[in-house]
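Colleague: Before I set anything up with this chain, I would like to go through it with you, one point at a time. Could you bring it up so that we can both look at it?

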Amino acid sequence: MRISLVSCFFFNLYIATFFSITTLSVSGQCQSHQQELLLGFKNSLNSSLSEKLGKWNQDTDCCSWDGITCDASGRVIGLDLSNQSISGEINNSNSLFRLQHLQQLNLAYNTFISEFPSGFGNLTNLSYLNLSNAGFSGRIRVGISYLTKLVTLDLSSSFFTGGLLLKLEKPNFKMLVRSLSGLKNLYLDTVNISANGKEWSQALSSSLPNLQVLSMRSCYLSGPISPSLIKLKSLSIIRLDNNKFSGPIPKFMAEFQNLASLHLAANNFSGRVPEEILQSPKLQTLDLSFNEFLKGSFLNFPPNASLQSLVVSDTDFGGQLPESMGNLGRLTRIELANCKFTGPIPKTLEKLTQLIYLDFSSNNFSGSVPSFTSLRNLTQLILAGNHLNGSILSTNWSSLVNLTSLVLRRNSFSGIVPPTLFQIQSLKVMDLAENQFSGGFGEVKGELSSLLEAIDLSHNGLEGKFPMFVSEIQGLKFLSLSGNKFSGLIQLSAFQKLKNLGTLDLSYNNLSIDSSFTNLPLPPFPNVHNLKLASCNLTKFPEFLKNLSIGHLDLSNNRIHGQIPSWIWKTDLDYLNLSLNFLVELERPSHINPYMAVLDLHGNQFRGEIPFFPSHATYLDYSNNNFSSVIPPEIGDFLQFTVFFSLSGNNFHGSIPESICNNPSLLVLDLSNNSLSGPIPQCLLTQMSVSLGVLNLKQNNLSGIISDAFPDNCRLQTLDLNQNGLGGKVPKSLANCRMLEVLDLGNNHIDDTFPCHLNSTSELHVLVLRSNNFRGDVNCAPNTTWPMLQIIDLASNSFSGKLPQGLLMTWNSMKTHRGEPYSEQLRYQFLKLSDFYFQDSVTVTMKGLELELVKIQPFFTSIDFSSNKFEGHIPEAIGDFKALYLLNLSNNALTGPVPSFLGNLPKLEALDLSNNHLAGQIPLQLANLNFLSFLNLSNNELTGRIPLGTQIQSFTEASFKNNQGLCGLPLKVQCESPPTSKDGPLNSGTGKHIDWNFISVELGFVFGIGTVILPLVFCKRWRIWYYKRTDSVVHKFFPKLDPRNKNYGTISRWTQGRRL
């Protein structure tokens, strides 16, 4: 009999309705002793905040109480008190554990602050037990393993709940699950199981054959995942995040036919993710994030893929995104942040109309972006930290009516900022900082977004009139327009409507700020905590600051004169930057915030003694002032929390106090450019170099030796002792500073040989030994390599022997011009999550002048071996230094020619080979040096003509003087004309001579060739006769070419094809 689908539907509806009515009708009246047990349970707890327990009344039927389910006999079979803000202790005698007919119990999200009770083992009829985030702690009791009817067990908790975590000891994991064969859903997140992959996998596979949901996040699981897990054929959800798994992700994960959700984030997986997992047909959620050694790429996504959430952030995934991304039509979330993806973002992304969250930040994506107009459900769009460029006008931003966050910072986007961005009514965060946006803002017509909380347009090329319409966005909490080209006069009073504003940054534009406020009943900016007005042409301290509880104030690089007002110290400042002004007086304040963390006063005109050091400061910069005194002997007592301390560029004298070594936190110590004397305290090189990253004592009057006491765990990255009076030798223990990047010992009295023992400092970028008493050769053992070396200065010593060909060959940084990823200047960033860093600098001699590089760019490379006793030829290894900017080998005893390979150094700007014994001609290849702006070949033994018509002749005569055999411009010495031949009297008049012997030979050759060739060209019969005779001769010597031979092949056919 055939039944229609409609009839079947109504039949099923009838059956369901019947059983529902039956269920309601058989639910009996609550039994009295059940009610007593429930009331006893309620009275044992603090339930004043619970809505459900507040309605429990002994005068009503308990089966009607909220959270209670009864069976037909009036026995309580279900109790749901989840998320009721209940607190108190549940001990083993609690009446709860006498409700022995309970089948479902949910106490999740409460605060039962007690040890895990063993009484749960009495509730043997339970099929559902949820104690997640209930507040229990300690050991999970063995009684749980007696609940053999359990289908769902949830003992999970979250770290953010703040409670003590549960742990499995007795029973262990195997004992816990051994009797729970009916379990389908297991949630044990943050339970301390502490088992390896084999233990827990085998326990699950042997005891829980019907398991569908496995959630064991943060359970201290380790090792590789065991293949025994494959026995759990019904698994559909696997959550194993935040454990200590290692090795590759097993391929068998793709064999779970019902797998819908796979979470393996925050482990130590490595190797390549099997492509089969990425192609799993039913997979809806994949989270592999925070596995930094896990590799993978997306080759192809099948049509109608099921993926809804794809998260691989902070892994080693990379490659290009395929066009087949358009097949992920169900995708709502995609996170690829901080990976190694490259190439363009595919245009097929426009098809992902269900997308809600997109984060591609911190990759190497390039090119223009597709239009996001069709992604109307998008709430978060994050593309920060890539190489994307072009305009963003292809998107109709007004169509993204759900967008809350737009983050495009640190790219190369250009063009105008679309005014419609300010009118997206859902938008809360707009971050377009550090791009190349240009142009200005006209009048923005229409309603501005009332939800906008943060606008960051800093560090672009925006210009013109300041966009005052931002002062109308009254919900703003963060506004930064610094580092642009806005101009004009700004009245700060225009921003007084922004009552919620917490951060205002207008620094580094072409603005002039009027900070005066008049006739205001209340202080402006009542919630401002961060105010940055650097380089805003301020001439005085803004008076309105008196009435604010401000924490971060930056008034640097202005034109403020005089003294710091006393009221500024009475605020709650924890960050104060008054650097680069014209302040002259610094008095000890009566009150200062003891927790001020940053005080930057560098680049002013303060004089006398430093009156105070904030006791809890982490950053103190008093450099480049006129302070003149001894450093207080007890200085170390004030620096217990200081990370950065600089007194550079003042007039401090006397010795360096040893108390400065009492600071265990100090990472940067800069006392350079003062008049300090005496020895370097040994503690600075012993105990302090364990924490110090930078020690800069250059340009003082220090004496003595450098103690040979650097510890094994030395962490120095910069050691600068230039321009002192230090003697002795380069310490052998300096080799322990394996992180060393800058070593500057120049302009001292060190008497030693070349420090080959520093072969372990493989990170070395700068080595300066200039103007000491070094001697001997510079040839080190083959294991001495400095692949990162970019600046080396050995000038004005007594080094001798040949230039070190072997050592030169290891300087890889000079061979390739550095771009990405080496775009950072050489500096020491001592607080990784901040903008604080120490900027390394070095002095080089270029074009005969000393030049201080206040920023060591990664692309600048320099070799200065001048004023030594080097001899021999210029080594060929220098010809590989394609990134070399400066080469100075002057004032040595070098011989041989000026090598032509110097013309292969395309970046070379300065070349000085003067005062040697170089001979031969100037190679024409030097004309290839398009950037050469300084050349000195004087005082050698060069000969011949200076190459004509080249850039070389643009240099002055001084570049070539005192080369006895050299001639031609720009020298005044004229080159002799080449000698003419002496002809006989018959030819003297014409100056030309014909050699008839040569003519007769040429005529004979042409006549002979014509006799043989012309008949072959113009007579077919002669041609055929010639080929036959030639073939017969050839076949005698090469029988295989005979057509009658069976081996006759393609060569014969090719020859035959050429015949007529």
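Colleague: Which residues does the UniProt annotation "domain: Leucine-rich repeat-containing N-terminal plant-type" cover?

Modeller: Please keep in mind that what we have here is a predicted model. The annotation comes from an unreviewed UniProt entry, and over its span the chain of the model is 38% helix and 8% strand, with the end C-alpha atoms 15 Å apart. The stretch that the record assigns to this domain is residues 33–71.

Colleague: What is the handedness of the disulfide of C63 and C70, left-handed or right-handed?

Modeller: The sulfur atoms of C63 and C70 are 2.1 Å apart in this disulfide, and both cysteines are buried, C63 with a relative accessible area of 16% and C70 at 9% relative accessibility. The torsion about the S-S bond is about -100°, so the disulfide is left-handed.

Colleague: Where in the chain are C661 and C683, and how many residues apart are they?

Modeller: A disulfide joins C661 to C683 with an S to S distance of 2.0 Å, and because the torsion about that bond is about 65°, the link is right-handed. C661 lies in the loop between strand 46 (653–654) and strand 47 (668–670), whereas C683 belongs to helix 7 (residues 682–685), so that the pair links distant parts of the chain. Their separation in sequence is 22 residues.

Colleague: What is the relative accessibility of C737?

Modeller: C737 forms a disulfide with C714, the sulfur atoms being 2.1 Å apart, and with 90° about the S-S bond this link is right-handed. C714 is in the loop between strand 50 (701–702) and strand 51 (718–720), while C737 is in the loop between strand 51 and strand 52 (742–744). Both count as buried, C714 at 5% relative accessibility and C737 at 0%.

Colleague: How are the bonded cysteines of the chain paired when they are numbered in sequence order?

Modeller: The structure holds 6 disulfides, among them the link of C63 to C70 and that of C661 to C683. Taken in sequence order, the bonded cysteines pair as 1-2, 3-4, 5-6, 7-8, 9-10, 11-12.

Colleague: With which side chains does the side chain of R770 make polar contacts?

Modeller: R770 is found in the loop between strand 53 (766–768) and strand 54 (775–776), and because its relative accessible area is 14%, under the 20% cut-off, R770 counts as buried. Beyond its neighbours within four places in sequence, R770 is in contact with residues including G746, N747 and T845. The polar contacts of its side chain, at 3.2 Å and 3.1 Å, are with the side chains of D793 and D864.

Colleague: How far apart are the C-alpha atoms of P250 and S226?

Modeller: P250 sits in the loop between strand 13 (244–247) and strand 14 (261–263), and it is buried, with a relative accessible area of 12%. Its contacts, leaving aside neighbours within four places in sequence, are with I225, P274 and I277. Although P250 and S226 are 24 residues apart along the chain, their C-alpha atoms are separated by 8.5 Å.

Colleague: Which strands stand at the edges of the open sheet with the order 4-6-8?

Modeller: This open sheet of 3 strands has parallel pairing, and strand 6 (residues 136–139) pairs with strand 8 over 2 bridges, with R139 opposite K167 of strand 8. Each edge strand has a single partner strand, so one side of each is left without a neighbour in the sheet, and these edge strands are strand 4 (114–115) and strand 8 (166–167).

Key
Residues are numbered from 1 along each chain as its sequence is written. This is a predicted model: local features need pLDDT of at least 70, side-chain atom pairs count only at pLDDT 80 or more; totals for chains, interfaces and linings use all residues. Side-chain values use heavy atoms; hydrogens and water are left out. UniProt positions are given in the numbering used here, feature names are shortened, and annotations may be inferred rather than shown by experiment. Helices (H or I, at least four residues) and strands (E, at least two) are DSSP runs, numbered from the N terminus. Buried means under 20% relative accessible area, exposed over 50%, partly exposed in between (1.4 Å probe, protein chains only). A polar contact is a pair of N or O atoms within 3.5 Å; within protein, one must be able to donate a hydrogen and the other to accept it, and residues adjacent in sequence count only if both atoms are side-chain atoms. Contact means heavy atoms within 4.5 Å. Two strands pair if DSSP finds at least two bridges between them. A disulfide is a pair of cysteine sulfur atoms within 2.5 Å.
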